[in-house]
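Please open the structure in your viewer and keep the sequence beside it, since this tour moves from one selection to the next.

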Amino acid sequence: MPYTCKVCEDDPSSHSFKNIGTINNITYYYTCPAKATKYNDVVGITQHYDGVLSENNNQWIWVFDCKKFTTKHLLEVNVGIELAKLISTKFSSSLTSILIINPTWHILVVMKLVTPFLNNHMKSIIKILGKCDMQHLSIL
């Protein structure tokens, strides 16, 4: 039975983490915290990621869109820390790349705060791509 986030079932805009497609047995997941109405829901967001990623049997790429990522998101650094811990300990062996698009200075601060909670593999696969929109990922 596919994972269903109970919070997102009531309000689909609550969390932002979704499968956007699979190419050559690599699944792409997209998140944009600024699009999430519950961007500060540490427990709900980590459960959402855990549920979604637990169903994935492929290698995966995480597309992290920082468009409109602001100070209010920066202040929720515990979300980033808990996601870093979860993914580092449970899902990093199949994670092939973290693509950060539309970076703001806020995300650069978060990265400095979250880095100590990442394993070496995760630190090595982070790529900051600059400005982008989902049209660039339209192949998915």
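**Cysteines first, then the sheet**

In this predicted model, a search of the whole structure finds zero disulfides. A disulfide is a covalent bond between the sulfur atoms of two cysteines.

Select C32 and look for the closest cysteine sulfur, which belongs to C66. The two sulfur atoms are 7.9 Å apart, and because a disulfide needs them within 2.5 Å, this is too far for a bond. Now select C66, which is in no disulfide either, and whose nearest cysteine sulfur is that of C32.

While both residues are selected, ask whether C32 is buried or exposed. With a relative accessibility of 2%, C32 counts as buried, and C66, with a relative accessible area of 0%, is buried as well.

Next, switch to a cartoon view and find the open sheet, in which five strands lie in the order β1-β2-β3-β4-β5 with mixed pairing. Select residues 18-23 for β1 and 126-130 for β5, and you have the edge strands, each of which pairs on one side only. As you follow the sheet across, the twist from one strand to the next averages 25°.

Strands of a sheet pair through backbone hydrogen bonds, either parallel or antiparallel. To see one such pairing here, select residues 95-101, which form β4, and keep β5 in view: these two strands pair in the parallel sense over four bridges.

Which residue of β5 stands opposite L99? Select L99, look across to β5, and you will find K127 there.

Notes:
Residues are numbered from 1 along each chain as its sequence is written. This is a predicted model: local features need pLDDT of at least 70, side-chain atom pairs count only at pLDDT 80 or more; totals for chains, interfaces and linings use all residues. Side-chain values use heavy atoms; hydrogens and water are left out. Buried means under 20% relative accessible area, exposed over 50%, partly exposed in between (1.4 Å probe, protein chains only). Two strands pair if DSSP finds at least two bridges between them. Axes are lines fitted to C-alpha atoms, for helices over the stretch in contact, and angles run from 0 to 180 degrees between N-to-C directions.
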